[in-house]
Amino acid sequence: MEPKQTTPVSQLGEFGLIEHLTKNFQHVNASTLKGIGDDAAVLDSEGKKTVVSTDLLIEGIHFDLMYTPLKHLGYKSVVVNLSDIYSMNAEPKQITVSIAISSRFTVEALDELYAGIELACKNYKVDLVGGDTTSSLSGLIISVTAIGVANAEDLVYRNGAKEGDLVCVTGDLGAAYLGLQILEREKRIYLEHPEVQPELENSDYLIGKQLKPEARKEVLKFFKDMNLKPTSMMDLSDGLSSDILHICKQSGVGCELFEAQIPVSEDAYHMALKFNLDPITCALNGGEDYELLFTIEPEDETKIADEDTFSIIGIITKKETGCVLVTRSNNRHVLKAQGWNHFE
Ligand code: ADP
Ligand code: MG
């Protein structure tokens, strides 16, 4: 293999670097009036409400570059922000990306990061309209801000769940957490025995959910087409247990979740057992699934009933009855932020 060319950032300088990293980005939204290049971007909110969300990601805390390719990291950094916009039932239109880099990062490494950012922008039809670039003493820091729009009446908050509403999720849960367990296991093995080949077979789905998650863009279109407005919604980033507690707390309600209804993929199920973990505990407490958690009025059940994407996993109850998980054997366990453990 030819050695990869490496260019120190200092060769381009700050402005040269920004120009280099952002030159291929095209705008696709008419609402982007001015993007990169002036003191600020100018956006047209088209008479709608503006929705803004930011995340800050620190190397060693939020990601590990030993097993995270920079392109995946760029993609995921954008997607998790877009997921926050979608969970307001809003449409993301623009992002800004700020990075702090240590001298260990070459121009080629940053090209990889921006290739992932660019792919996310393309897949989700958002425009990169600005950011900031600075140096860091240790490691990489990335901050992404996503900006979206929605009609005021379409916005869905966390505080709208009512007694009798059905609790629903998209996709399946726990996969991203199990993907992370695989990557962490392989990292440990590599550090102790660098000659051992990684054992990653049959884990594409789980590792993919961890390294390259997707936001549930198509679900919003489905809601619109079905004339369905959830009563509350959020995306699952911390884990079902703690995330449903946010909805219940903010809505002033309780809930019953049914263990038997919580969707876990076959891959996740088998991998959990391999790790001596309880699959349901992984689904409840494993974070980063980026699926949507939402509640609907019971009369809307028929609108989602035929779609495999959705699972109805519970019901909203009175605040006084608390938030509980009803197990397959009909036991009731109080849901906790760190979840509930089969082995308690
Ligand atoms: P300022 O000095 O006003 O902060 P900069 O020189 O940092 O401006 O940035 C110049 C332009 O490049 C601005 O439009 C800014 O939003 C954009 N920009 C800077 N860094 C990045 C980045 N990492 N990614 C995308 N756009 C960036
Ligand atoms: Mg700046």
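Domain bounds here come from an automatic or database domain assignment. On that basis, the protein chain splits into domain 1 (12–154) and domain 2 (158–334), and their centres, taken over C-alpha atoms, are 26 Å apart. The contact between them (heavy atoms within 4.5 Å) draws 21 residues from domain 1 and 22 residues from domain 2. The structure is a predicted model, in which local features need pLDDT of at least 70 and side-chain atom pairs count only at pLDDT 80 or more, while totals for chains, interfaces and linings use all residues. Residues are numbered from 1 along each chain as its sequence is written, chains are lettered from A and ligands numbered from 1 in the order in which they are written, and side-chain values use heavy atoms, with hydrogens and water left out.

Buried area is the accessible area (1.4 Å probe) that two parts lose on being put together, summed over both. By this reckoning, domain 1 and domain 2 bury about 2,100 Å² between them, with 60% of it on carbon and sulfur atoms. On the domain 1 side, Tyr 67, Lys 76 and Tyr 86 lose the most area to domain 2, together 30% of what that side buries.

Turning to the ligand, 15 residues surround ligand 1, each with a heavy atom within 4 Å of it. Gly 37, Tyr 114, Gly 130, Gly 131 and Thr 133 come nearest. Polar contacts (pairs of N or O atoms within 3.5 Å) include one from a ligand nitrogen atom to an N or O atom in the side chain of Tyr 114, at 2.7 Å. A nitrogen atom of ligand 1 also lies 2.8 Å from an N or O atom in the side chain of Thr 133.

Terms used
Polar contact = N/O pair within 3.5 Å; in protein donor to acceptor, adjacent residues only side chain to side chain.
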